[in-house]
Structure formats: C-alpha cells, structure tokens
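Q: Please take a close look at one part of this model, the contact between the two chains, and set it in the context of the elements around it.

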Amino acid sequence: MPFNVPIDQAQADYPEYTFISPLTPGEQKAAFHVKDTQGQDLCLKIIAPNYNIDRVDREIQALQSISHPNVVRLIEYTRSSKPGQQKHCIVEEFIEGTDLGQSLQSGQQWSRPDASVFFTALFSGLAALNDLNIVHRDLKPTNIRVRTNGSPVIIDFGLARLLDQSSLTDTPDGAAIGTPQYFSPEQCRGTKHDIDHRTDLFASGCLLYQALIGKHPFWRDDITRSELYDAICESNDYLDEPDFLTLPEQWQVITGRLLKKERADRPHNAAQVEAILQKIREI
Amino acid sequence: MRRGPWHQFGDRSQNFVIEQLQQGAGVGVIISPRDIGMDHAIAYSQRYHGLDAHVLFDPQFYVPGFSNTKMETYPTNLTRTTISQTHQIMDPLLVVLVNALHAVNSSLSADGLIAPALIYEAGRPDIMQLNRRLFSAAKQVGDALGIPTYATVIIGNSAVASDQTIKEILSHATSLNCDGFYYGFEFSSERIPSSREIVLRCCTGGLTLACTGLPVLHAFAGPMALLSLGFGAKGSAIGHFKNLWQFTRSRWGPTPDQGGGGNAPPRFFSSSLWGTIICPDEIIQLPPTLQNQILTHSPFSSQVSSSRSFSGWPVWDAGKHMVHTICSVVSVIAANSDPRTNANSALTILQGAVTLHQNIATAGLSLRDNTNAYQRNWQLAMNDLLTNHSRDFDYLALLS
C-alpha cells in the first residue's frame with residue numbers, strides 16, 4: 001500500500017518548497033517534484049510516520065557517501081519533531097525523465113548498442129556502490145530513473161545495506177524484503193548473510209535480459225510467488241529463449257553470468273561488467 | 001602474483017629451492033613455518049629474493065591445534081593454537097594476529113600476504129565466519145605493507161564430495177575483499193589423485209575462482225600443476241615430497257614414525273609419462289626406443305642415461321629432477337595466457353603419456369606404484385572441464 005500525502009497538505013507542511021506535482025509514491029515515502037526558493041527542481045520525499053528509522057539512517061548514510069552521475073544525489077535530510085510540527089523528509093536531486101519501467105515494455109527489445117551504453121552507465125553506478133560496500137538490494141525498473149539524455153540514475157536506497165556494518169540491518173533471516181520480481185536466489189531463500197553486491201548484479205541481470213529479449217527471465221503474468229521463487233532459484237529456461245540464443249555469444253555469456261544462481265558464478269563485481277559491456281559495444 | 005611455477009616449501013627445502021632457482025626453475029617460493037624456523041626463513045628469503053624469486057609465507061592455520069618447534073618460532077603461532085578448540089577469535093587476539101602477520105611478512109619482505117584460514121568443511125558456517133575474520137586481519141596487514149592479500153581457500157575432504165557444497169564455500173570465499181586466492185584441495189590418501197570426478201571438482205573450483213579475474217595460486221599442486229594453468233590459475237605450487245603433491249591434512253598432525261621411505265630406489269619423473277618410473281629396475285626392462293622417449297632430462301638427471309647402468313642415482317636428485325621437470329613444463333604452458341589453450345596443452349601431454357603407458361604395457365612391463373593410474377582420468381576430467389564449463393572459459397576470455 002503506497003504512502004500517500006495530498007499535495008496541498010504537503011505544501012502546507014513544507015512551505016519553504018513549491019510543490020509542482022506528486023511522483024510515484026513508495027510504500028513508506030510520498031514523493032513530490034518541488035522547487036526550492038532559488039527555483040531549483042528537486043525531489044522531496046516525505047517519510048511515513050511508521051517508517052523504520054534504521055532504514056532511513058541506512059539510506060542517508062549510503063547517499064551521503066556517494067557522488068556519481070548514475071546515483072541519485074542527496075541534497076538534504078530533515079528530521080524535526082517540534083510539537084504539532086513534525087518534519088521527516090529527504091530532498092534529492094530531481095531527475096527529469098522517466099523510470100526504466102517505461103522503457104522495458106513487454107515485447108520491446110533494445111538494440112545492443114543502446115543496451116551497451118545504458119547498462120555500462122548503470123554498472124558504473126553500481127561499481128560506485130560496490131566500492132563503498134553498499135548493496136542496494138532493491139534494484140528494479142521503478143528504482144532506476146532515466147534522464148532525458150537517456151542515462152540511468154539509481155534511486156531509492158531504502159533497503160540499502162552497508163556490508164561492513166551488518167548491525168545496521170535488523171532484517172531477520174527468512175524475512176524477504178525487496179521486490180520479488182527482481183529477487184536473487186539468496187533473497188528468495190532469505191539468507192541474510194548471503195546477500196552481497198552480487199545480489200544487485202543478479203537484479204541488474206534481469207533488467208539487462210529484459211532489455212535485450214523484451215521479456216523478464218522468470219516472470220509471467222499468472223505466476224505465483226512460490227513459482228517465481230522456484231524459477232529464480234532453479235530454472236534455466238530463459239537460456240533457451242529463441243531471442244536469447246540469437247544474441248551474439250559474448251552477450252549471452254555476460255547476461256547468463258549475471259543470472260547465475262550461485263553468487264560465486266556471477267561476475268565478481270560491477271566494474272567487471274561495465275568493462276565487458278564497453279568491450280562488446282560494437283558486437 | 002607472478003605467473004608460472006612456484007616452489008611449495010617442505011622439509012629440507014631451503015637449499016633445494018636455491019638449486020632450483022639457480023637452474024632457472026620457479027618464479028617464487030612459499031615458505032612453510034612447519035619446516036623452517038623464522039630466523040632461517042628470514043635469511044633464506046633474502047637469498048631467494050637475490051635469485052629474483054618472489055616470497056610468500058603460508059601461515060598454515062589448517063590444523064590449528066598442531067605445533068612443532070619450528071612453528072613456535074613464529075609470532076603467528078599463538079593465534080593458531082588458541083583458536084584450535086573454539087574455532088573463534090576474539091577481538092584482542094585479532095589484534096595480536098595483525099601484529100604477528102605484520103612482523104612475519106615484513107621480516108620476510110613478502111611479496112604478497114597469504115591470509116590465515118582453516119580448512120573449509122561441509123556444513124560449517126562457523127569456519128566461514130572465522131575465516132572471514134582472519135582474512136580481515138590479514139587484509140589490514142597486506143594494505144599496510146602495500147602488498148596484495150590472498151584469501152586462502154583449502155577445500156576439505158568433507159566438502160569435496162558435493163559440487164553444491166564447494167560452490168557455497170566459493171561464494172563465501174569470493175565475497176572476501178581479496179587480491180587473489182591461494183587455492184588447495186584435499187583429496188583422498190592416494191599418492192597422486194586419480195578420480196576423474198574429484199579432479200574435475202578441483203579444476204572446476206579453481207576455474208570458478210579464476211573467473212573472478214583475480215589471480216589464483218594453485219597450492220600443493222605437485223604433478224597436478226600440469227592442469228593448473230588450464231583451469232585458469234596463474235601460479236602453481238610444486239614440492240618435492242609426496243605429501244606436497246596435494247593438500248595433505250596429516251602433514252599438520254603428529255608424525256607417527258620417522259618416515260623417509262627407507263631404501264626405496266629412486267623414481268624418475270618423466271615429462272612424457274607425466275609420472276614416475278623406478279630407476280633403474282623398470283627402465284632397464286624396456287627397449288631402447290621406449291627408454292629414449294621416457295628419459296626426459298633435467299640438469300639433475302645427468303647421472304641417468306639409457307647408455308649407463310643408472311645405478312647410484314640419489315633419491316634426493318630424483319626429487320630435484322622431478323621438481324625441475326614439472327617447473328619447466330609449467331613454465332612453457334604459462335607462457336600462454338589463455339586458459340583454454342593451456343588446458344589443451346595439458347591434454348596433449350596427457351594423451352602422449354597415455355599412449356606411452358600403453359606402449360610400455362605392450363612391451364610387457366607392468367609398472368609398480370600405480371603410476372599410470374591417473375593420466376587417462378586427468379585427460380577425461382580436463383575434457384569435461386572444457387566441455388561442461390565452456391561458458392566459463394568464454395567469460396575468462398572476455399575478462400582478458
């Protein structure tokens with residue numbers, strides 16, 4: 001259930017910004033396109049009162065440490081609780097454009113040069129997260145904005161985890177959080193200690209597959225959650241898709257490797273994938 | 001990590017290794033605290049560096065409860081023995097370990113740091129946790145010394161029986177923030193591993209590590225060094241004793257007797273057999289054409305020739321000859337950086353060995369020592385690797 005705040009109420013609560021339009025809300029955040037007093041376009045996210053504060057902290061910590069063109073930039077974090085006037089919001093750069101979901105329509109296949117350019121940039125952003133030991137854990141089309149120039153920006157770090165600060169997460173083993181369609185096998189199994197940056201590589205492998213083939217590697221309309229989990233953990237049917245088999249071998253190798261069930265079989269890091277995609281750009 | 005053959009230190013290796021390096025065999029040395037005290041190790045590491053070899057120190061936490069007088073000379077020994085019962089390490093002891101690793105590796109001017117780690121066993125997440133902590137200590141030291149830190153991945157006997165268990169261990173190991181891997185595999189007690197299935201698992205595990213793009217040093221490879229470069233390893237460690245020809249846990253346990261092999265005749269390691277033949281007993285039973293094919297010489301085998309009686313060749317020289325021969329072949333293979341090509345080079349050598357063994361059998365000689373038991377199975381295992389893991393080789397090619 002998305003967390004919705006009427007735009008009028010939001011404007012009343014945050015009068016220092018001019019509210020332009022509501023953006024797609026998340027389960028725990030209502031998002032708006034706003035302008036600050038200098039007229040700069042920004043994205044303001046009002047955080048739900050029942051939001052897990054540790055998760056907010058994680059998100060802020062993650063965002064504060066990154067400066068990369070393919071990762072959303074944090075502008076400000078506000079948390080105040082004066083009597084009768086509670087404010088809890090994140091202000092990020094406003095990314096004009098669309099979300100990736102609009103470019104990943106069923107049956108629509110990207111050209112390989114387009115895929116190479118877009119995903120090279122995406123993996124560059126992921127490599128920046130990797131360098132800081134941050135795992136996003138919820139990469140999906142709605143968490144990747146596409147700028148008007150076509151370049152991707154990773155947003156929404158609400159589920160991000162700093163690998164060297166495991167105490168920051170209170171997610172118990174077995175509790176699956178994130179978006180199942182882009183879960184990795186280790187997320188389906190709910191084994192917290194198996195989640196690392198290669199979890200994000202699996203999700204990005206689903207996205208790359210979707211872009212190249214025009215369909216999700218595991219999802220189908222009538223699938224149940226348990227069938228989806230089974231497919232993610234066990235099925236290699238996606239490798240037999242005719243459109244996959246007509247891809248040049250190098251593209252099959254890198255896409256297939258991102259979708260390996262076992263973390264050890266996936267690429268070692270995002271920078272490696274970025275370099276390979278650059279290498280095979282002309283193929 | 002230097003590419004090519006490395007010397008795996010064992011009992012009385014110090015001068016043995018110098019002779020090998022003087023003959024141009026080997027690119028580096030892996031010091032074993034079980035076999036040389038720290039003072040001597042420091043002195044010899046200078047000599048090895050003087051011979052243009054790289055030096056690594058294997059802290060040997062494999063059987064942490066074991067100790068001997070040589071190991072006790074190293075500051076790392078305290079941590080080893082302390083964790084033997086609990087398989088845990090408390091923070092204060094981790095600090096002790098950091099200091100100890102720093103002291104040893106800086107004293108030896110090590111060119112890389114091999115992280116301490118226990119043998120990985122099936123169903124033992126506690127060992128993974130412990131190894132992660134041990135690695136983090138090592139990484140601190142490696143970074144402080146400005147040298148690469150290699151994660152030690154020794155797959156124990158309990159784990160080698162299942163592909164899935166090995167994968168889980170490798171998923172853990174590859175999550176470490178390391179600069180390469182020191183990889184070993186525990187086989188059964190055979191003199192040289194011969195099971196097609198298990199050899200394939202060892203090679204597959206190595207290939208998985210190599211696909212990270214980080215360098216892999218195949219530890220305790222022995223004659224299996226022929227296969228190392230074919231599964232993507234960058235280095236392969238070779239020692240002169242049987243218990244260095246595969247990872248042998250018993251090497252870090254109490255020795256029941258003096259050992260030494262008694263008055264056994266020397267075994268001649270032939271690169272064309274990729275195995276040994278008893279010298280002179282078996283060699284002299286063969287026709288000269290086969291003798292000529294078998295006697296592949298090194299600077300340490302001049303005493304052995306088909307025109308002489310072969311008698312009196314010291315067993316010690318047979319060991320030197322074997323290590324030099326393996327190093328020479330591995331060096332030739334290592335000159336090519338493509339693992340698929342290297343796997344095929346190994347296959348060519350193994351095919352020659354299989355044929356030669358068949359010719360020996362046709363000549364009416366049945367070799368002792370089961371020395372012809374593994375070549376065919378290694379060939380099959382390597383073929384399986386190339387066929388079943390073709391995509392991994394493709395991926396390695398993309399990384400290059």
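A: Helix axes here are lines fitted to C-alpha atoms over the stretch in contact, and angles run from 0 to 180 degrees between N-to-C directions. The model is predicted. With that convention, helix H8 (residues 249-258) of chain A and H13(B) pack at an angle of about 105°, and their axes are 10 Å apart. Angles of 65 to 115 degrees count as roughly perpendicular, so H8(A) is roughly perpendicular to H13(B).

On the chain A side of this helix pair, the contact is made by Glu249(A), Gln250(A), Val253(A), Ile254(A), Gly256(A) and Arg257(A) of H8(A). H13(B) contributes Arg391(B), Asp394(B), Tyr395(B) and Leu398(B). By class, the residues of the contact of H8(A) with H13(B) are four nonpolar, two polar and four charged.

The helix pair belongs to the contact between the chains, in which 13 residues of chain B touch 15 residues of chain A. On the chain B side, the elements that give two or more residues are helix H6 (163-173) and helix H13 (390-399). H13(B) gives the most to that side, with five residues. The chain B side as a whole divides into four nonpolar, six polar and three charged residues.

Within chain B, the domain assignment gives domain 1 (4-252) and domain 2 (267-390). Their centres, taken over C-alpha atoms, are separated by 27 Å. The contact between these domains takes 31 residues from domain 1 of chain B and 31 residues from domain 2 of chain B. On the domain 1 side, two or more residues each come from strand E1 (4-8), helix H1 (14-22), helix H7 (196-210), helix H8 (225-228) and strand E8 (235-238) of chain B. H7(B) supplies the largest share of that side, seven residues. The domain 1 side has 17 nonpolar, 11 polar and three charged residues.

A second helix pair lies in chain B. The axes of helix H4 (residues 91-107) and helix H5 (residues 125-145) of chain B come within 9 Å and cross at roughly 45°; H4(B) and H5(B) are therefore oblique to each other. Their crossing is right-handed. Among the residues that meet are Leu94(B), Leu97(B), Val98(B) and Leu101(B) in H4(B), and Ala137(B), Ala138(B), Val141(B) and Leu145(B) in H5(B). The contact of H4(B) with H5(B) has nine nonpolar, four polar and one charged residues.

Chain B also has a hairpin. Strand E9 (residues 267-270) and strand E10 (residues 275-278) of chain B run antiparallel and are joined by four bridges. Arg267(B) stands opposite Ile278(B) in E10(B). Four residues lie between the strands of the hairpin, where Trp274(B) takes a positive phi near 40°.

In chain A, five strands form an open sheet with antiparallel pairing, in the order E1-E2-E3-E5-E4. Strand E1 (18-22) and strand E4 (74-82) of chain A stand at the edges with a single partner strand each, so one side of each is left without a neighbour in the sheet. Direction ignored, neighbouring strands of this sheet are turned by 30° against each other on average. Strand E3 (residues 41-47) and strand E5 (residues 85-93) of chain A run antiparallel and are joined by five bridges. Leu44(A) stands opposite Val91(A) in E5(A).

Notes
Residues numbered from 1 in each chain as written. Chains lettered and ligands numbered in written order. Predicted model: local features only at pLDDT ≥ 70, side-chain atom pairs only at ≥ 80, totals over all residues. Contact = placed C-beta atoms within 7 Å. Nonpolar A, V, L, I, M, F, W, Y, C, P; charged D, E, K, R; others polar. Domains from an automatic or database assignment. Pairing = 2+ DSSP bridges. Parallel < 35°, antiparallel > 145°, perpendicular 65-115°, else oblique. Left-handed = near helix turned anticlockwise from the far one by under 90°.
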